[in-house]
Amino acid sequence: MTAHVVDAHPGQPGPERARLLVVVAVPAEAEAVLRGLPGGAEAVPLPGGVLHRCAGAPVDVLAAGVGPAAAAAAASAALAARPYGLVASAGIAGGFAPHAPVGATVLADAIVVADLGAETPEGFADVTELGFGTVRHTPPPAVVALAGKALGTRDVDAVTGPVLTVSTVTGSTERAAALAARHPGAAAEAMEGFGVAEAAARYGVPVFELRTVSNPVGPRDRAAWRIGEALAALERAFAALPVRELIEEAGRG
Ligand SMILES: O=C(O)c1cccc(C(=O)CC[C@H]2O[C@@H](n3cnc4c(=O)[nH]cnc43)[C@H](O)[C@@H]2O)c1
């Protein structure tokens, strides 16, 4: 069954629709994104969390909570409240070696849920193999290309590749290897992208995912996390993104 797409805001074209909704998990990520954008922000309460409506750029930033369910619920509430031209899932992530070292910025060319399915005697079967739904959303390639180019011109080297959404953070070499084998070229794993993309798809709004790497995907080692470094990279990435052009490009698709 395909998702039912609705236009929740018919008759509201123009400037209102020309905003980017950035969905992050936690307030520290929202603050990093906002530091990268010009002007202050007005806080608007929503059922899914606090929405920060940026004054100096056409961007709203929502701290939705950790995990795909919280992200989907909060993104849906925001998309129901106002029209948007583009949605982004953003925040820190684990990076797959050798593609995405700590501090790297990752742009998703596919947003893939990696653990939605069933264990079978033959191994993991995702929900599409079971006959349900979807496990992948594809951001508009032109939006990804434009974002990557803009980051590059500001000396932010962005890695492009699939970003996996997981409900359980990977904590072993074996699990990291199994994910990399099942998803060749996977650049990062995080916990919200697929939830945000599922919500955006239901409102017919294009979506992309931008992550900055705080830790390697692999054996659990909390001492190795570099959250400050990843948040600084997140701020730099949002300072470099050409938001209006990205929304315009998304509207062409
Ligand atoms: O307790 C642990 O071992 C552990 C390791 C990495 C991350 C966590 C989190 O609870 C962070 C979840 C939060 O941050 C994003 N994130 C950051 N790194 C990863 C990761 O390696 N795998 C999945 N998600 C990651 C995630 O999107 C959440 O918002 C705990």
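Here are some short exercises, each with a worked solution, on the structure shown above.

**Before you start**

This is a predicted model, in which local features need pLDDT of at least 70, side-chain atom pairs count only at pLDDT 80 or more, and totals for chains, interfaces and linings use all residues. Residues are numbered from 1 along each chain as its sequence is written.

**Exercise 1. Find the annotated domain and describe the chain over it.**

Solution.
- Step 1: The UniProt annotation, from an unreviewed entry, reads "domain: Nucleoside phosphorylase" and covers residues 20-247. UniProt positions are given in the numbering used here, feature names are shortened, and annotations may be inferred rather than shown by experiment.
- Step 2: Over residues 20-247, the chain is 33% helix and 32% strand. Helices (H or I, at least four residues) and strands (E, at least two) are DSSP runs, numbered from the N terminus.
- Step 3: The end C-alpha atoms of residues 20-247 are 7 Å apart.

**Exercise 2. Describe the shell around the ligand.**

Solution.
- Step 1: There are 19 residues around the ligand, and A25, G94, V169, A190 and M191 come nearest. A residue is near a molecule or strand if its C-beta atom, placed from the backbone, lies within 6 Å of it.
- Step 2: At least two shell residues come from each of β5 (86-95), β11 (188-190) and β12 (207-216). The most come from β5, with four residues.
- Step 3: Sorted by class, the shell has nine nonpolar, six polar and four charged residues. Ala, Val, Leu, Ile, Met, Phe, Trp, Tyr, Cys and Pro count as nonpolar, Asp, Glu, Lys and Arg as charged, and the others, Gly among them, as polar.

**Exercise 3. Work out how α2 and α5 pack.**

Solution.
- Step 1: Two packed helices are described by the angle between their axes and the distance between the axes. Axes are lines fitted to C-alpha atoms, for helices over the stretch in contact, and angles run from 0 to 180 degrees between N-to-C directions.
- Step 2: Helix α2 (residues 68-81) and helix α5 (residues 193-202) pack at about 30°, with axes 7 Å apart. α2 is therefore roughly parallel to α5. Angles under 35 degrees count as roughly parallel, over 145 as roughly antiparallel, 65 to 115 as roughly perpendicular and the rest as oblique.
- Step 3: P68, A69, A71, A72, A75, S76 and L79 of α2 meet F194, G195, V196, E198, A199 and A200 of α5. Two residues are in contact if their C-beta atoms, placed from the backbone, lie within 7 Å.
- Step 4: The contact of α2 with α5 holds ten nonpolar, two polar and one charged residue.

**Exercise 4. Do the same for α1 with α6.**

Solution.
- Step 1: The axes of helix α1 (residues 27-35) and helix α6 (residues 227-240) come within 7 Å and cross at roughly 40°. That makes α1 oblique to α6.
- Step 2: A28, E29, A32, V33 and R35 of α1 make the contact with L231, L234, E235 and F238 of α6.
- Step 3: Six nonpolar, no polar and three charged residues form the contact of α1 with α6.

**Exercise 5. Locate two backbone features.**

Solution.
- Step 1: Most residues other than glycine have a negative phi, and most peptide bonds are trans.
- Step 2: The peptide bond from A97 to P98 is cis, with omega near 0°. P98 sits in the loop between β5 and β6 (105-113).
- Step 3: D155, a residue other than glycine, has a positive phi near 65°. D155 lies in the loop between α3 (141-153) and β10 (158-165).
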